[in-house]
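Student: I'm new to this one. Could you walk me through some of the labels people put on it, and how each label is earned?

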Amino acid sequence: MARMKMDGLDYFYWILVLTHIFVSPYTKVEESFNLHAIHDMLVHGSDRRSYDHFEFPGAVPRTFLGALAVSAISKPFTYLLDSKLEMQYLVRMVVGFFNWAGMVYFRGAVTAEYGVRTAWWFALLQYTQFHVTYYSSRTLPNMMVMPLVMVASAKYVKRRPSSSIFILAFCAVVFRCELAVLAATVTGTALIRRQIKLVPAIMLGLQGVLIGIIVSFAVDSYFWDFPMVPEAYGFYFNVVLGRASDWGVDPWHTYFTIHIPKLLLNPAAVPLLVLSLVVDFRRMVGLLLPYVTYVCVHSAQAHKEWRFIVYVVPVLTVPCAVTAAWISNRMRKSVNLYITAVLLAVTAAGTFAIAAALLAISSMNYPGGHAVQIVHSAVDELARAKANASEVMPPITAHFDVPSCMSGATLFTFTHPNITYDRTEDLEELRSIAPTINFLSTFEQEPASMYGPATAWLKVGVVSALKGVVVPWKEFGPEFYKVPRWWEQIVDMREIVKVFARRGL
């Protein structure tokens, strides 16, 4: 069995996951379906007609299975909380716990197969990365299924592909259809390595698909109020119709030249990965073949995003750890190897520092979430003014435009008891209700004409967000260090969201 005993590095990783939640608590649009599904299960329960997805279904339907699992675990703890915003923290902790447990389980497989020293280096190289840790508590569909993929990968590392094939086939049908490719490459590699025979492999895959169809059909037909298996529709929409390219087209090599180095982050990772083929060619080829092939297949797709291949990151980190362990095991025999081992530890520390900086920078990129808090403060101030003047507090409707909702304004953040929150997207409908809107969060410089004349509005708050990162030696020249306080100008912040209140409230 994979090692389940944890050490200090594993506990440290859990602290890292929690730190990311509290430093960067808000979410983006890609996380909204699962996040709002969990919200509705926790808040509305069996009242499906109140669920958000009937009004905002998204481009393609998604499964409710992951949201159902997270909400079921979260529900008992919600009775201890005071607000829905605290629920959002709780939900992210549950998602983060699943991904943390999956990573620890995978590291156990690394220990069993490659030894304690390799597992130590794996933790040092994996836990100091940015993307997997940052998104491990986020309700992206890819991260909702990541724990199961980690279990499947652990089984593959242990050379027990039967469970991997079944789990990946199930996940492909229920959560992410691209995992069908990984299920196929794992199956093909296991057949080549004679770890499984063809007929049992096919039967395992069919079992995973069949159970996935049954479970998804039962759960999702109930919540969508229509017979469906969402991932089947997603496959048809993105692959058969080729609509994935609507979101952008990238060169074929993007995954290998941009995304994988970015995900691994450590500058020594790629050299270590390549050297692993010299250190232990046979085992490394067997380990990497299905995952590299998976990336190659996805490179044929026009639209590319790092999250489509995030599942391969822990596996690609294993060969890096194998090489690092090989070097550190021999560092007492050679000055060069000793220096190399020290430098590897330094690169891990440097990578951790970069990841910490990226966390701080990324936390600035959720202006919609901060705009909600400005609206709440403005309404509270208005209520105090009305109370002091012995006046009646008017009904308050706050509208959040699409970019605000895409950048942090979620149902969990809509917590003020005296505010009716509006997220209307249809322009005609929005024009008809505009006179009833008292507060407005918008990415526009001033309220659009549909809300009435600009003079009818008073700006009560501005949210600055990350616009980009300035490269100091490009911005200020080779002697950038002579520029006073140049480090404060590295992060380019711009006023993004404006919060307006209707005059005369």
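Tutor: Let's go label by label, keeping in mind that this is a predicted model.

Student: Fine. How many salt bridges are there in the whole structure?

Tutor: A search turns up 14 of them.

Student: What makes R49 and D225 a salt bridge?

Tutor: Set the value against the cut-off. A side-chain nitrogen of Lys or Arg has to be within 4 Å of a carboxyl oxygen of Asp or Glu. The N to O distance for R49 and D225 is 3.1 Å, so the pair qualifies. R49 sits in the loop between helix 2 and helix 3, while D225 sits in the loop between helix 10 and helix 11, so parts 176 residues apart in sequence are tied together.

Student: Why is R49 called exposed, but D225 partly exposed?

Tutor: Exposed means over 50% relative accessible area, and partly exposed runs from there down to 20%. R49 has 55%, so it counts as exposed. D225 has 46%, so it lands in the partly exposed range.

Student: What is unusual about the phi of D225?

Tutor: Phi of D225 is near 60°, which is a positive value in a residue other than glycine. L265 also has a positive phi, about 70°, and L265 is not a glycine. You'll find L265 in the loop between helix 12 (254-264) and helix 13 (269-279).

Student: Is L265 buried or exposed, and how do you know?

Tutor: Buried means under 20%. L265 has a relative accessible area of 19%, so buried is the right word.

Student: What makes R62 and E231 a salt bridge?

Tutor: The closest N and O atoms of R62 and E231 are 3.0 Å apart, and the limit is 4 Å. R62 is in the loop between helix 2 and helix 3 and E231 is in helix 11, so this pair ties together parts 169 residues apart in sequence. Both of these residues, R62 and E231, are buried.

Student: How do you know that R159 and E113 belong on the list too?

Tutor: Their side chains come to 2.7 Å, N to O, and that is within 4 Å. The pair links distant parts of the chain, with R159 in the loop between helix 7 (141-157) and helix 8 (161-174) and E113 in helix 4 (residues 84-114). R159 is partly exposed at 44%, whereas E113 is buried at 14%. Salt bridges that share partners join E113, R159, D280 and R283 into one network.

Student: Why is R107 called buried?

Tutor: R107, which is in helix 4, has a relative accessible area of 2%. The cut-off is under 20%, so R107 is buried.

Student: What makes the link between R107 and D10 a polar contact?

Tutor: The N or O atoms must be within 3.5 Å, and the side chains of R107 and D10 are joined at 3.0 Å. The side chain of R107 also reaches the backbone oxygen of A119 at 2.9 Å.

Student: Last one: which residues gather in the patch of negative charge on the surface, and why is E55 called exposed?

Tutor: The patch brings together E55, E425, D426 and E429. E55 is in the loop between helix 2 (32-43) and helix 3 (65-78). Its relative accessible area is 56%, and exposed means over 50%, so E55 earns the label.

Definitions and conventions: Residues are numbered from 1 along each chain as its sequence is written. This is a predicted model: local features need pLDDT of at least 70, side-chain atom pairs count only at pLDDT 80 or more; totals for chains, interfaces and linings use all residues. Side-chain values use heavy atoms; hydrogens and water are left out. Patches are made of residues with over 30% relative accessible area and no salt bridge: like charges are joined within 9 Å, nonpolar side chains (Val, Leu, Ile, Met, Phe, Trp, Tyr) within 5 Å. Accessible areas come from the Shrake-Rupley method with a 1.4 Å probe; for residues, only the protein chains shown count as cover. Lys and Arg count as positive and Asp and Glu as negative; His and the chain ends are not counted. The place of a charge is taken as NZ of Lys, CZ of Arg, CG of Asp or CD of Glu. Helices (H or I, at least four residues) and strands (E, at least two) are DSSP runs, numbered from the N terminus. Buried means under 20% relative accessible area, exposed over 50%, partly exposed in between (1.4 Å probe, protein chains only). A polar contact is a pair of N or O atoms within 3.5 Å; within protein, one must be able to donate a hydrogen and the other to accept it, and residues adjacent in sequence count only if both atoms are side-chain atoms.
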